[in-house]
Amino acid sequence: MPKCTILVGVPASGKSTWHRNKFEDWPTTVASTDKIIESITQIFGMSYDDGFKELIGFAEKVMWRQITTSLMNRGDFIIDRTNLTAKSRAKFIQKLKLHKYEIEAVVFPEIGSEALSKEEWKRRLNSRRGKTIPQETLDKMIDSYEIPLMSEGFDKITFV
């Protein structure tokens, strides 16, 4: 059975680093609007921040095309987004269940936990040159976080 891994965590919690390290030599598709925006802005010598507003709609379409291609080819893939709420995860889970995929959530540490202190999180956020998220947006994201539950349709939930 093909598998989709849905990453869940706030920005700079380690999602992209985790999949880069874990699947370095494995040809898994990674569906990520950030990755798409970063690739395009790099080509044009722009920062992520400079291109985000203009490119996010296009990146969403490309990401869904990647997911659809993976589903049609029955290939394994990773969804690398924050996926912080049950509602945001549901749109992926519904489609994956229709295609009989095994679905795993990989959940990254909450801010202020033993695994991710506020200081470490802020250091990570500040290390991302040209990629900033307004504090108000970060606060809304943190407040909206819902721990993934098996009842959402996951076959497995792993806490990093």
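Begin with the whole chain in view: among its contacts with a separation of 6 or more, 78% are between residues 24 or more positions apart. Keep in mind throughout that this is a predicted model, and that the tour reads its geometry as given there.

**The whole chain**

Colour the chain by secondary structure, and six helices and five strands should appear, arranged from the N terminus on in the order β-α-β-α-α-β-α-β-α-α-β. The radius of gyration is 16 Å, close to the 15 Å that the globule rule gives for 160 residues, so the chain is as compact as a globular protein of that length. If you align the view to the principal axes, the C-alpha trace spans about 40 × 40 × 30 Å.

Switch next to a surface representation, where the accessible surface comes to about 9500 Å² and carbon and sulfur atoms hold 53% of that area. Of the 160 residues in the chain, 39% are buried. If you then mark the charged side chains, you will be looking at 25 positive and 22 negative charges, whose mean positions are 4 Å apart.

**Helix 2 and its two sides**

Select residues 33-43, which form helix 2, and show the side chains of its buried residues, namely Thr33, Ile36, Ile37, Ile40 and Thr41. They lie on the same side of helix 2, because the arc that they cover around the axis is only 120°. The spacing fits a simple rule: an α-helix has 3.6 residues a turn, so residues three or four places apart point the same way. Turn the helix over to find Gln42 and Ile43, which are exposed on the other side.

What do the buried residues of helix 2 pack against? Adding strand 2 (29-31) and helix 3 (48-73) to the selection shows both of the elements in question, since these are the partners against which the buried residues pack.

Now centre on Ile40, which is found in helix 2. Its relative accessibility is 19%, and it counts as buried because the cut-off is under 20%. Leaving aside its neighbours within four places in sequence, Ile40 is in contact with Leu55 and Phe58. A distance label drawn from Ile40 to Ala59, C-alpha to C-alpha, should read 9.4 Å, for a pair that is 19 residues apart in sequence.

**Two loops with positive phi**

Move to the loop between strand 1 (3-8) and helix 1 (15-22), where Ala12 is found. Ala12 is not a glycine, yet it has a positive phi of about 70°, and with a relative accessible area of 11% it is buried.

A second case awaits in the loop between strand 3 (77-79) and helix 4, where you should select Asn83. This residue, again not a glycine, has a positive phi of about 50°. Is Asn83 buried or exposed? Its relative accessible area is 3%, and Asn83 is therefore buried.

**Helix 4, inward and outward**

From Asn83 carry on to helix 4, which covers residues 86-98, and select Phe92 within it. Phe92 is buried, with a relative accessible area of 2%. Leaving aside its neighbours within four places in sequence, Phe92 is in contact with Ile6, Met63, Trp64, Ile67, Ile79, Arg81 and Asn83, and the last of these names brings back the loop residue with positive phi. For a further distance label, take Phe92 and Thr68, which are 24 residues apart in sequence and 11 Å apart in space, C-alpha to C-alpha.

Select Lys91 next, also placed in helix 4. Lys91 is partly exposed, with a relative accessible area of 39%, whereas Phe92 is buried. From Lys91 to Asn21 the C-alpha to C-alpha distance is 27 Å, with their positions 70 residues apart in sequence.

**A buried glutamate in strand 4**

The last stop is strand 4, residues 102-107, which holds Glu104. Despite its acidic side chain, counted among the negative charges, Glu104 is buried, with a relative accessible area of 6%. Which residues is Glu104 in contact with, once its neighbours within four places in sequence are left aside? Show Lys3, Cys4, Thr5 and Ile6 together with Phe154, Lys156 and Thr158, and the set of contacts is complete.

Technical notes. Residues numbered from 1 in each chain as written. Predicted model: local features only at pLDDT ≥ 70, side-chain atom pairs only at ≥ 80, totals over all residues. Heavy atoms only, no water. Helix = DSSP H or I, 4+ residues; strand = E, 2+ residues; numbered from the N terminus. Buried < 20%, exposed > 50% of the residue type's maximum accessible area, 1.4 Å probe, protein only. Rg over C-alpha atoms; globule rule 2.2 N^0.38 Å. Contact = heavy atoms within 4.5 Å. Areas by Shrake-Rupley, 256 points an atom, 1.4 Å probe, with all protein chains shown as cover. Charge placed at Lys NZ, Arg CZ, Asp CG, Glu CD. Arc of directions from axis to C-beta.
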